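User: Hello! I am new to this structure and would like a close look at a single part of it. Could you pick up one helix, walk me around it, and then show me how other parts of the model fit in?

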There are 2 protein chains.
Amino acid sequence: MAEFVKTKLNRLKRGANRAVYDKETINEILDAGFIAQVGYIYDGYPISIPMAYARKGDKIYLHGSTANRMLRAILESGKTSINVMHLDGLVIARSGLHHSVNYRSATLFGELKEITDDHSKTALLKDIVDHMIEDHWDTLRPMHQKELDRTMVVEFTITSASAKIRAEGVNDEPEDYELPYWAGVIPVKQKLEKPIPDDGYPLTIDIPKHIQHHYNKFK
Amino acid sequence: MAEFVKTKLNRLKRGANRAVYDKETINEILDAGFIAQVGYIYDGYPISIPMAYARKGDKIYLHGSTANRMLRAILESGKTSINVMHLDGLVIARSGLHHSVNYRSATLFGELKEITDDHSKTALLKDIVDHMIEDHWDTLRPMHQKELDRTMVVEFTITSASAKIRAEGVNDEPEDYELPYWAGVIPVKQKLEKPIPDDGYPLTIDIPKHIQHHYNKFK
């Protein structure tokens, strides 16, 4: 199984038993979400900005306005990292210390490049929209040139990564299992609720199949 | 209404119309979650680590093992920021450009201090656990001294903060409302699923009322 090489940057020190370096598992974490936390340094402070993304192979694609100073800053400095985290459960133990959460968290390091040709930009914006809702882009009004012109697309090539996963039950102290306290896991899921049609449109339009499908998958 | 002063650090440049500086709204965002993204700088890279937290007034409390290098690093450098983000909906527009998400995102800057006296540490660990599940700490096996000794509690006093909120429908180009495309919002919620009792315990224990209450609230 293909793994990221452990370096100073991606090696996990705390909880090394939960560390994952294999690309397939990390890609699964990335594909299960569409909002990433993108880090940058401003005035000496590390700041984390939630952004939509798509993954293709070992590339992550971000987009924003051409006036987006954060994207400009990380393109210039090359200093960023990306975290994608899914909360999967509350772990209720018999002692405070062994309380925990189940989660999947991937942290990526890489190289940044702006994508400037219109054809590639359009294809990548399609990927970002389709990563949010499958098969969606082709059902939309095609993009105007001026819209494309004011949109920046950034390619992040993953060069190093690691993940941390907790996906198990309660781990209490051996002697605590005798105690008469309830313990267990409460699963957490991010779910969709019933789509609300835009009231700005006078006609009644049935919800398209691909959106209904997406809703059914995550409701 | 009390507001954070706008400075170079917390002033939002992109989407200033969605910027929020009032403390009450920011506190509501903080109180609606219990996992924050805590930033630190490692080897020149901004890295974002998901961590549990609690809020009391203008303080955020974090905890970890005394061996936690990330907490040690931010205590030493004073350079961190905290982001708490809730995804509230997918905004499906008639054009790709106007696709968006509804969300609440708060970013905090502040001063860090380690809390070292046992009495305060214990009280704050109670706050962190009770922030995850209300009224929970007092139902647990009391903490052993050696557990307290290997736990670090860090106090982050918020000195500057801002939030960005999108909580509305579709904003399409005026001429696009005539197009026969479905548009609307699909709400997103983080929900709990049925608690799974720990199978490591031989006795059958009813789920306590406060945990059932927490589950009912978020199921």
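Analyst: Here is a walk around one helix of chain B, followed by a few other spots and some background on chain A. Please keep in mind that this is a predicted model.

Let us begin with helix α2 of chain B, which covers residues 69–77. Which of its residues are buried? They are Met70(B), Leu71(B) and Ile74(B). Viewed down the axis of α2(B), these buried residues stay within an arc of 100°, so they line one face of the helix. Some general background helps here: an α-helix has 3.6 residues a turn, so residues three or four places apart point the same way.

What does that buried face meet? The buried residues of α2(B) pack against five strands of chain B: β2 (35–42), β3 (45–52), β5 (59–65), β7 (100–115) and β8 (151–166). Turn to the other side of α2(B), and you find Arg69(B) and Glu76(B), which are exposed.

The two ends of the helix are worth a look as well. At the N-terminal end, Asn68(B) acts as a cap on α2(B), with a side-chain oxygen 3.0 Å from the backbone nitrogen of Met70(B). Met70(B) is also one of the buried residues of this helix. Just after α2(B) comes Gly78(B), whose phi is positive, at about 70°.

A positive phi turns up elsewhere too. As a general point, most residues other than glycine have a negative phi. Asp43(B) is not a glycine, yet its phi is positive, at about 55°. You will find Asp43(B) in the loop between β2 and β3 of chain B, and those two strands are among the ones that the buried residues of α2(B) pack against. Is Asp43(B) buried, exposed or in between? Its relative accessible area is 41%, so Asp43(B) is partly exposed. In chain A, Asp43(A) has a positive phi near 55° and sits in the loop between β2 (35–42) and β3 (45–52). Asp43(A) counts as partly exposed, at 41% relative accessibility.

For a second helix, move along chain B to α5, residues 209–218, where His210(B), Ile211(B), His214(B) and Tyr215(B) are buried. These residues cover an arc of only 140° around the axis, which puts them on the same side of α5(B). Here the cover comes from both chains: it includes β6 (82–92) and β9 (184–192) of chain A, together with α3 (118–132) and β9 (184–192) of chain B.

His99(B) is another residue with neighbours in both chains. His99(B) lies in the loop between β6 (82–92) and β7 of chain B, and it counts as buried at 14% relative accessibility. A polar atom of its side chain is 2.9 Å from the backbone oxygen of Ser95(B). Leaving aside residues up to four places away in sequence, His99(B) touches Met132(A), His136(A) and Leu140(A) in chain A, and Val91(B), Ile92(B) and Ala93(B) in chain B.

Finally, some background on chain A. Chain A has five helices and 10 strands, and 49% of its 219 residues count as buried. Its C-alpha atoms fill a box of roughly 65 × 50 × 40 Å along the principal axes. Among the contacts in chain A with a separation of 6 or more, 68% come from residues 24 or more positions apart.

Methods
Residues numbered from 1 in each chain as written. Chains lettered and ligands numbered in written order. Predicted model: local features only at pLDDT ≥ 70, side-chain atom pairs only at ≥ 80, totals over all residues. Heavy atoms only, no water. Helix = DSSP H or I, 4+ residues; strand = E, 2+ residues; numbered from the N terminus. Buried < 20%, exposed > 50% of the residue type's maximum accessible area, 1.4 Å probe, protein only. Contact = heavy atoms within 4.5 Å. Arc of directions from axis to C-beta. Polar contact = N/O pair within 3.5 Å; in protein donor to acceptor, adjacent residues only side chain to side chain.
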